[in-house]
Amino acid sequence: MSKTIDPDDVRRKVCIQVAKKGYSESIALEAYEATETDAQKAGDLDTSFNDARKRRTARVLEYLTASNPQEQKAPETPAQDEGAEGNEDGDDVTIPAGSKMLGLRSKAARSIWNSAVAAEVPEQHAKVENWKMGSVSAELLRMQLTKKLRNKLFKACEKQKVTVPLLCFERWMSRSKLLEQKAVEPHSEPLLPALGQRDKGLIKDLVRAKMDEAAAAAVADQMALSSQEAVNRIAALASETQSEPKVCVSASKHMLHFALGSDGAKPYLELNKHHYTKLLEMYRRSTNAGAQEVDLEKFHAHVWLLLARYAALQGHGYQAALTNLGFDVLLKAMSVKMECFASPLNCRYAVFCSAFPDTDGCFGSVGSFFSTRLTEGSYEANPPFVPEVMSQMGMHMEDLLKKATKPLSFTVLVPSWTDLPYFKKLEASSFKRASFTVPAKDHTFCDGAQHQRLTRERFRPSSFDTTVFVMQNEAGLQEWPVPLMLEADLRAAMSVVKGRGGTLSLEEMEQRNKDHPKGG
């Protein structure tokens with residue numbers, strides 16, 4: 001005997017599901033119609049929702065993975081979604097066929113990267129096929145243990161009744177890994193401090209936050225030991241032979257969700273559709289895969305590893321990038337085609353340096369800037385705002401510029417911490433050809449979480465004044481003389497973005513990230 005359906009009850013449940021899970025109206029309608037027409041599913045609305053979501057995801061992925069999606073017919077959606085035409089960024093993954101959003105989609109995609117420009121890969125770097133895919137299980141554990149370590153530091157500060165210094169955790173990791181790179185045999189752990197050594201920089205950060213020096217030293221020791229234990233656990237799991245969980249992908253109104261084991265399982269990681277198509281194209285190029293050769297299951301596993309690594313790193317301001325207009329200015333004025341500090345998620349061009357070649361290599365990374373031996377070309381450098389990292393960057397650039405016989409140029413963006421050694425050395429360098437400072441209130445960056453935001457929400461107010469340095473050898477100066485209008489053009493390109501709802505203040509941005517963390 002079939003179950004009697006109460007239409008009002010079904011509609012109420014549909015509304016609750018939409019509110020909780022962020023489904024688009026078309027998925028809600030599709031699920032509702034399934035319950036209304038199929039008595040077997042009438043008693044299980046979740047089944048109808050899941051079936052509708054799977055059909056939607058299949059349509060979206062078919063569209064996004066097309067060899068030239070701009071020429072493909074967008075997924076058909078019911079009339080209820082046509083209101084999305086007003087979304088000038090085209091961020092809804094359900095694009096009505098024939099909608100103006102097709103053109104806007106292209107515009108939004110161009111704003112996050114320039115697919116037409118790429119520097120040549122330095123010859124000394126390994127080909128991407130030599131980089132082995134990591135363990136999904138081990139990366140999940142790394143993300144979980146990194147979160148625990150972060151909470152451990154925060155609780156230690158809370159116990160001592162001091163405010164956690166800005167980016168204290170990220171700076172601790174960066175300093176420690178930089179020190180490990182100088183070792184005779186660097187540790188293979190890519191993210192967490194592995195040697196169990198006390199970090200003096202962490203002690204200084206905590207003391208500046210008014211923590212007693214002895215207590216700060218004890219916290220630094222505890223963090224080093226806990227991190228070393230976490231590294232050992234990750235390495236042990238990675239060495240085990242086991243079947244890896246499958247990466248499942250589902251689509252909601254604005255995002256793609258990547259989960260392990262089953263659709264919607266937590267923790268899930270989010271990626272907007274423009275960054276998905278960007279990663280897919282970079283993956284095709286780096287792996288020399290043709291339009292029909294991409295193994296989507298493998299690609300999605302690589303995407304999950306990438307998202308998990310940068311989710312563990314967090315620090316969205318720490319991963320901020322120059323605006324797209326700023327890169328356009330540098331491309332025209334200085335022929336900049338490659339970044340020295342980037343990631344697949346925030347890079348402007350298809351070839352770049354990044355901290356994690358194990359997760360980033362298949363998307364175009366040539367590895368760490370500190371391992372490069374660049375001999376020519378024009379580059380942009382916007383390093384992590386860690387004094388030790390910026391000092392090391394300056395020393396490496398000096399070495400490269402001294403040895404280069406061909407044109408070599410770096411346009412460097414750093415915080416204007418004028419009393420610190422890295423800044424003084426850049427200012428005094430014989431390779432400095434120009435410099436100017438942009439006040440914090442006058443400029444923005446692209447937020448480190450831009451891949452999880454709507455395109456119009458990707459800008460982030462600067463936390464500090466920014467100084468731009470142009471560093472060149474003599475051949476570089478002759479090849480790319482600094483234009484008189486570079487300062488004015490770059491200031492305009494970095495200026496606070498108006499319109500489309502304006503730009504959030506720094507305090508509002510930080511509060512939004514706390515209140516609405518992306519992923520599950």
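**Reasoning about a predicted model**

Mentor: Start with Phe-258. Beyond its neighbours within four places in sequence, Phe-258 is in contact with Val-247, Cys-248, Val-249, Pro-267, Tyr-268, Leu-269, Leu-271, Tyr-276, His-300, Val-303, Trp-304 and Leu-307. Keep in mind that this is a predicted model.

Trainee: What makes these residues contacts of Phe-258?

Mentor: The cut-off is heavy atoms within 4.5 Å. Each listed residue meets it with Phe-258, so each counts as a contact.

Trainee: Which residues have the most contacts inside the largest nonpolar core?

Mentor: Phe-258 and Trp-304. That core has 72 residues. Helix 10 gives the largest share, eleven residues. A second, separate core of 33 residues includes Phe-341, Val-366, Met-397 and Phe-469.

Trainee: Why would nonpolar side chains gather like this?

Mentor: In soluble globular proteins, nonpolar side chains tend to be buried together.

Trainee: How do you know that strand 1 and strand 2 pair?

Mentor: Pairing needs at least two bridges. Strand 1 and strand 2 (residues 255-260) have five, so they pair, in the antiparallel sense. Phe-258 of strand 2 is the bridge partner of Val-249.

Trainee: Why are strand 1 and strand 3 called edges?

Mentor: Three strands form an open sheet in the order 1-2-3. Strand 1 (247-251) and strand 3 (269-272) each have a single partner strand, so one side of each has no neighbour in the sheet. The twist averages 25 degrees from one strand to the next.

Trainee: What packs on the sheet?

Mentor: Helix 10 (residues 296-313) does, touching strand 1, strand 2 and strand 3. Its direction makes about 105 degrees with that of strand 3.

Trainee: Why is Cys-340 not bonded to Cys-353?

Mentor: A disulfide needs sulfur atoms within 2.5 Å. The sulfur of Cys-340 is 5.6 Å from that of Cys-353, its closest cysteine sulfur, so that is too far for a bond. The structure holds zero disulfides.

Trainee: What makes Cys-340 and Cys-248 count as buried?

Mentor: Buried means under 20% relative accessible area. Cys-340 has 2%, so it is buried. Cys-248 has 16%, so Cys-248 is buried as well.

Trainee: How do you know that the buried residues of helix 14 line one face?

Mentor: Those residues are Tyr-422, Phe-423 and Leu-426. Seen down the helix axis, they fall within an arc of 95 degrees, so they line one face. They pack against helix 13 (387-403), strand 7 (408-415), strand 8 (432-438) and strand 11 (466-472). On the other side of helix 14, Pro-421, Lys-425 and Ala-428 are exposed.

Note on methods
Residues numbered from 1 in each chain as written. Predicted model: local features only at pLDDT ≥ 70, side-chain atom pairs only at ≥ 80, totals over all residues. Heavy atoms only, no water. Buried < 20%, exposed > 50% of the residue type's maximum accessible area, 1.4 Å probe, protein only. Helix = DSSP H or I, 4+ residues; strand = E, 2+ residues; numbered from the N terminus. Axes fitted to C-alpha atoms, helices over the stretch in contact; angles between N-to-C directions. Arc of directions from axis to C-beta. Core = buried A, V, L, I, M, F, W, Y, C linked by side-chain atoms within 4.5 Å.
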